[in-house]
Amino acid sequence: MATSPCSSSGGGSGSSSPGAGLGAEAALEIRTRSVEQTLVPLVSQITTLINHKDKPKRSDKTLQAIQRVGQAVNLAVERFVTVGEAIANENRELKEEMSIACTEAKRAGETIAQLTDVANLDHPESDGRITIFTDKTGVVKAARLLLSSVTKVLVLADRVVIKQIIASRNKVLATMEQLEKVSSFQEFVQIFSQFGNEMVEFAHLTGDRQNDLKDEKKKARMAAARAVLEKCTMMLLTASKTCLRHPDCESARLNKEGVFHRMRLALEQVIEIITDSRPSGENEMVPICIYASIKVFKNKVEGLRENLYVISQENLSAMLDLILEHTEDFTDSAYTSHEHRERILEQSKQAKMELEQLVSVWMQAQSQKTKDITEDLEIAILKTCQCMNELKRELHHAATSLAADLLRYHADHMVLKALKITGMEGNLEAVAEYTCKLSEQKEQLVETCRLLRHVSGTEPLEITCIHAEDTFQVTGPQIISAAETLTLHPSSKIAKENLDVFCEAWESQLSDMSMLLREINDVFEGRRGEKRAYLSLPRPGILQFVDILSVVGAPKLNTILQMWPPQSALPKEGNDHFESSCSFPFDSQKHNANLKALKPVKLDSEEQAKLGKLGLELHFLTSDVDSETEKWEDQENEIVRYGQSISSMAHTMYLFTRGEGLLKTTQDLFHQAEVFATESIKLASVLTAFSNQLEDDHKPLLLLEIDKLIPVCQQLQITAKNTVQGKSATFTKVDTCIRKTKGVMTILSQVLPLSCKLLRKCGTGNGWLRSPRPWRQNRLQRNTNDDSMEGKTDAFGIKSLEHHVTNLTFLESK
């Protein structure tokens, strides 16, 4: 079987199709989760067919059930093939390959239906046994052919998605070239309006692709690239305006060129990720991470228990030497404290001694040619691994304590504030002084990000550290050039606005670094578990376009106004759901391979401002609540666990205002709001039980907060259950739900620190608490309009393939 079509969708090693158990032909590497999940029901059905056990007697009811499964598979394949052929007709370059794959799938489906037809079972075997199939080998072959051909169709269809993203990138690049050459404000506003629409489309396509990727490293790189594009869009606007206002200013020109260059690199990175390629065929250089090296080293050492010859003495020594060489990044750093440097050096010395002892015992065991591991060797292995764990801990403390200190020290952003003030005064000498301080701050942060990369613990977090390092490295000089421009033109409002935007980007990255530090600590302490979505990588959206509108204020940009919130968060006339686009090319209604731009509803500026402002306020409250829950020593306390789950739900509602996350329609939002209110009422009950144990002056304060919480939750429940129709009523209901949710989170941010304080004072135990049911069990249940073949289950409880194909929109990211 030709596997070339799968190259466009082949993921990293270890990702394989669900059909791997049915033979090598079905074991195709798959890059996206939508393709994989589409294959799952088909694999289940045919596995049910071919794994049946032949029995002397088989009831007519069972035979009929088997026949229905075979017919269901065939019918689903026919519908599937119809969509595949439509894709082939709209994409000529795929027509030949797609047609062959569709033909194979259709033939295999028909074969399965024929071999499971009860009418063909009238002639029992000569030994009197009744079997389900006249030719079980034929069914297995047909199943393998069906899986491979369906997978090829899906993989080829996936090329269409890649093609759409590339085409969208090309449009963005072409418009960027026009923006670079504009010479008047009028021309700039007109072209930037077009650029905004194109960036919205690109953000949708890449966001869907990011959520669909299976490879976590690629997902992280995509998130980083999209974060760059989001932040740079605002920078591009103000830097270009500054250049137009001050065309002879060299620092303004450099500022603008830097933004364009960074955006082009980010656009190229997106294409590299989706096509799994590197420019000029070069290999990706992956920086060395000490954590990963220590893990490999320990695995080799522990492998000596099973095989004394698993690695040579020279290779093991070389591995340790490489690890200790990279610890010099810590010991040579000017920002590592003297205490940490001494402890790292001491642990490095100890590691060498332990390895020497291990090698001595190891060589002795080899000379004795014994099969059983000796006690001395076991002790040497344990001591060596323990020493490496201690070294790992010292490196972690050195990096994270440095990062925490820097974030605290720069939390007031005094250097940025001073640059703005001295720039507006036109004080060249003072600006030069503060730019030197900012350069020093940049070097500190860059160095800290490099050290954090070594101790990040996971590959996605390692990529986030690299992204943070690059951002500080680039944004620092851009702030300096923007400050120089303002100093040369102190009365220029545009130059001041430009400096403000770059300073905001710096502050935003510091905030991201703070969340990154929390995640690294969580991984190190084994508390990663079911992480809240916003604690991972930057989650870019289209929110910056609201800021663009407020800055430009030009009628020409009305098209961008119409495009925010994104299409997945726009109310539709006469229907109370928000339209959303799917990253997968199948559409059961239109049989259209191309993603069609949904016509957005025109929200007025007031509605936009309300939704955007509410969403951000809710986001800040979830961060506050999470910060409070992390202060509790007992993370299993029921109050904490309810607080975490409630905050998680609130965050999904915040993401909805940005057109992201698990909630795709307003109905999803209302269902989530109802569950949110229910869980909050349960928390109120737990808090009441807790207050009954208190004998403290602060008890009335807790009861007061509980009394506030219950009415707000009840109001939210009523709002979520109310039926509305039309755009205006739907928007009002969304607005009210977000406001009530925000009210609950405000109370929660007060309740958590108060409860923690009271718990410490009274020393109440944890025995009275019970574990709450995770909110994920209460997740929204999506209702779909299904016909007789879609949504129903057959005798084996397996949904048809067509049902899964038409519901790919509802795939949820991990």
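**Stop 1: helix α22**

Select residues 699-721, helix α22 of this predicted model. Put a distance between its end C-alpha atoms: they lie 34 Å apart. The helix has 23 residues, and at 1.5 Å a residue it should span 33 Å, so the two values agree.

Now colour the buried positions of α22. They are Leu 702, Glu 705, Ile 706, Leu 709, Val 712, Cys 713, Leu 716, Gln 717, Thr 719 and Ala 720. Which helices help to cover these buried residues of α22? Show 666-691 and 727-762: the cover includes α21 and α23.

Stay with this part of the model for one ring. Select Phe 670 and Lys 733. Lys 733 lies over the face of Phe 670, 4.0 Å from the ring centre.

**Stop 2: Ser 749 in α23**

Move along helix α23 to Ser 749. Is Ser 749 buried or exposed? Its relative accessible area is 14%, under the 20% cut-off, so Ser 749 is buried.

Add Leu 621 to the selection. The two residues are 128 places apart in sequence, yet their C-alpha atoms are 7.3 Å apart in space. Beyond neighbours within four places in sequence, Ser 749 is in contact with Leu 621, Val 625 and Glu 628. Show those three side chains with Ser 749.

**Stop 3: the phenylalanines of α5**

Jump to helix α5, residues 185-212. The whole structure has three aromatic pairs. Start with Phe 188 and Phe 192: their ring centres are 5.5 Å apart and their planes meet at 35 degrees, so the pair is tilted. Both Phe 188 and Phe 192 are buried. They sit four residues apart in α5, which means a separation of about one helical turn.

Next, add Phe 195. Phe 192 pairs with Phe 195 as well, again tilted, with 5.5 Å between centres and 50 degrees between planes. Here the spacing in α5 is three residues, about one turn of the helix. Phe 195 is buried, as is Phe 192.

Why can spacings of three and four both work along a helix? An α-helix has 3.6 residues a turn, so residues three or four places apart point the same way. Select the trio together: Phe 188, Phe 192 and Phe 195 make one aromatic cluster.

**Stop 4: Lys 392 and Tyr 291**

Select Tyr 291 and Lys 392. The charged end of Lys 392 sits over the Tyr 291 ring, 4.7 Å from the ring centre.

**Stop 5: Gln 366 in α11**

Go to helix α11, residues 338-368, and pick Gln 366. Its relative accessibility is 16%, so Gln 366 counts as buried. What does the side chain of Gln 366 reach? Draw the distance to the backbone oxygen of Leu 308: 2.9 Å. Beyond neighbours within four places in sequence, Gln 366 is in contact with Leu 308 and Tyr 309.

**Stop 6: confidence**

Finish by colouring on pLDDT. The protein chain averages 75, and 74% of the residues score at least 70. Select residues 1-27: pLDDT is below 50 over this stretch, which has 67 contacts in the model beyond near neighbours in sequence. Then select residues 529-601. There too the pLDDT is below 50, with 217 contacts beyond near neighbours in sequence. Where pLDDT is low, the predicted coordinates should not be read in detail.

Technical notes
Residues numbered from 1 in each chain as written. Predicted model: local features only at pLDDT ≥ 70, side-chain atom pairs only at ≥ 80, totals over all residues. Heavy atoms only, no water. Helix = DSSP H or I, 4+ residues; strand = E, 2+ residues; numbered from the N terminus. Expected span 1.5 Å × (residues − 1). Buried < 20%, exposed > 50% of the residue type's maximum accessible area, 1.4 Å probe, protein only. Contact = heavy atoms within 4.5 Å. Phe/Tyr/Trp six-rings, centres within 6.5 Å; stacked < 30°, edge-to-face > 60°. Lys NZ or Arg CZ within 6 Å of the ring centre and 35° of its normal. Polar contact = N/O pair within 3.5 Å; in protein donor to acceptor, adjacent residues only side chain to side chain. pLDDT = per-residue confidence, 0-100.
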